[in-house]
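Thanks for coming, everyone. Please bring up the model on your screens, and we will walk through it together.

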Amino acid sequence: ADVTAETPAPVAAPEIHVKVSSRDRLVFPESDVTKGDLADYYAKVAPVMLPWAANRPISLVRCPQGRGKACFFQKHDAGSFGDHVKQVPIREKDGGSEDYLYLDDADGLVACVQMGTIEFHGWGSSVATLEQPDRMVFDLDPDEGLDFGHVKKAAADLKEHLAEIGLTSFAMLSGGKGVHVVVPLKPQAEWPAVKDFADRFSRALAGAEPERFTATMSKAKRKGRIFIDWLRNQRGSTAVLPYVARARAGAPVAVPVSWAELRDVENAHIWSVRDGDALIERANSRALAGWGFADQVLPDL
Ligand code: ATP
Ligand code: MN
Ligand code: MN
């Protein structure tokens, strides 16, 4: 595809004010990627990542000893990340309230890397409209060993079914095994309605083609099928954010792709943190123009 004609000038990597210690520590031993490399990667992609990652509650996958060692999922913190990582109080089911993390700039991303973070996962709503999701995600999880061609076909079919009910959707390679189908929403419907929609939409697909899909988490029911993981769409759930490095061998990255590109992709982890420059160029290319944007609300289902 000709992407040169209207490609905007690349955005310069922002200046970082966070000190990264132990820059030489290996985070991805198999690929020689150090903590410094990872910090530089996030600083570089910050301009294209922050539109998706900023100003929404996040959970972190931290692996202070590097990938493959003890990693943990973190939602809350007492303040050890410093001023660049912000907190927002969120009402809990029990009536209490907990502070959740969010960030709004490249320093926030790097501050998290300084604390051993590899992955950033985000809520489907932003801090300004916490109760009204601005993003619905169908996380396609193939059974072990299922060919990636089936996953691509499933994603494309989801897109068609969504289009039939008036919803525009976008594809993202997870950096792992699957594809996420992302549906941007005007923050209008509240969590219970969005969850209910995602649930019923997924169950309808699984009901119509039970040999291809399942909408229940059970691993037994996944045999040879794709689990349409609609559970990302409950209040408090998260999904991996665009351009996030995964704590998996090879330092793969979650990457938005156009529907046309998806047809030619061989697996969900074709880019890595070594590809920062290429990812920026892609993000600004015509193929990805408008990715993730649609002015729409949920139809009645
Ligand atoms: P893949 O394509 O390999 O499935 P993925 O990012 O979709 O990659 P999943 O295992 O399907 O990985 O996880 C879906 C989401 O569930 C993650 O993106 C994350 O936001 C959330 N998640 C994963 N582990 C935890 C955890 N320990 N606690 C809470 N949420 C988690
Ligand atoms: Mn998944
Ligand atoms: Mn999943």
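Start at Ala171. Its bridge partner in β10 is Val181. That pair belongs to a longer match: strand β9, residues 170-173, and strand β10, residues 179-184, run antiparallel and are joined by four bridges. Keep in mind that this is a predicted model.

Now widen the view. Which strands form the open sheet around this pair? There are six, in the order β11-β12-β8-β10-β9-β14. The pairing is mixed. At the edges sit β11, residues 213-214, and β14, residues 255-257. Each of these two pairs on one side only.

Next, the whole chain. The protein chain has six helices and 14 strands. Its C-alpha trace spans about 55 × 50 × 40 Å along the principal axes. Is that chain compact or extended? For 301 residues, a compact globule would have a radius of gyration near 19 Å. The protein chain has 19 Å, so the two agree. Of the 301 residues, 43% are buried. Look at the contacts with a separation of 6 or more: 70% of them link residues 24 or more positions apart.

On to the core. The largest nonpolar core has 83 residues. Which of them touch the most other members? Leu38, Tyr42 and Ile228 do. Helix α1, residues 35-53, gives this core its largest share, 11 residues. Let us stay with Ile228 for a moment. Setting aside neighbours within four places in sequence, Ile228 contacts Phe138, Leu140, Ser202, Leu205, Ala206, Phe213 and Ala215. One of those contacts, Phe213, takes us back to the open sheet, where β11 covers 213-214.

Now a second strand pairing. Strand β5, residues 85-91, pairs with strand β6, residues 97-103. They are antiparallel, with seven bridges. Find Arg91: it stands opposite Ser97 in β6. Step to Ile90, and its bridge partner in β6 is Glu98. β5 and β6 make a hairpin, with five residues between them. In the turn, Gly95 has a positive phi of about 95 degrees.

Go to the other end of β5, to Val85. Buried or exposed? Val85 has 24 C-beta neighbours inside 10 Å, so it counts as buried. What does it touch, leaving aside neighbours within four places in sequence? Val85 is in contact with Leu101, Leu103, Gly108, Ala111 and Cys112. Take Gly108 from that list. Val85 and Gly108 are 23 residues apart in sequence, yet 5.1 Å apart in space, C-alpha to C-alpha.

Gly108 leads us into helix α2. How many residues of α2, residues 106-114, are buried? Nine of the nine, so this helix is largely enclosed by the rest of the structure. Among the buried residues are Asp107 and Gln114, along with Leu109, Val110 and Val113. What covers them? The cover includes α1, β3 (58-62), β5, β6 and β7 (117-122). So the hairpin strands we just saw, β5 and β6, are part of that cover. Just after α2, Gly116 takes a positive phi of about 90 degrees.

That brings up backbone angles. Most residues other than glycine have a negative phi. Here are two that do not follow that pattern. Ser22 is not a glycine, but its phi is positive, about 45 degrees. Ser22 sits in the segment before β1, residues 26-28. It has 13 C-beta neighbours inside 10 Å, so Ser22 counts as partly exposed. The other is Asp32, with a positive phi near 60 degrees. Asp32 lies in the loop between β1 and β2, the latter being residues 33-34. With 11 C-beta neighbours inside 10 Å, Asp32 counts as exposed.

Last stop, ligand 1. There are 13 residues around it. Which come nearest? His121, Ser174, Gly176, Gly178 and Thr238. Two elements give two or more residues to this shell: β8 (135-142) and β13 (239-240). One of them, β8, is also a member of the open sheet we began with. By type, the shell divides into four nonpolar, five polar and four charged residues.

That is the tour. Let us take comments.

Notes. Residues numbered from 1 in each chain as written. Chains lettered and ligands numbered in written order. Predicted model: local features only at pLDDT ≥ 70, side-chain atom pairs only at ≥ 80, totals over all residues. Core = buried A, V, L, I, M, F, W, Y, C linked by C-beta atoms within 7 Å. Buried ≥ 20, exposed ≤ 12 C-beta atoms within 10 Å, placed from the backbone. Contact = placed C-beta atoms within 7 Å. Rg over C-alpha atoms; globule rule 2.2 N^0.38 Å. Near = placed C-beta within 6 Å. Nonpolar A, V, L, I, M, F, W, Y, C, P; charged D, E, K, R; others polar. Pairing = 2+ DSSP bridges.
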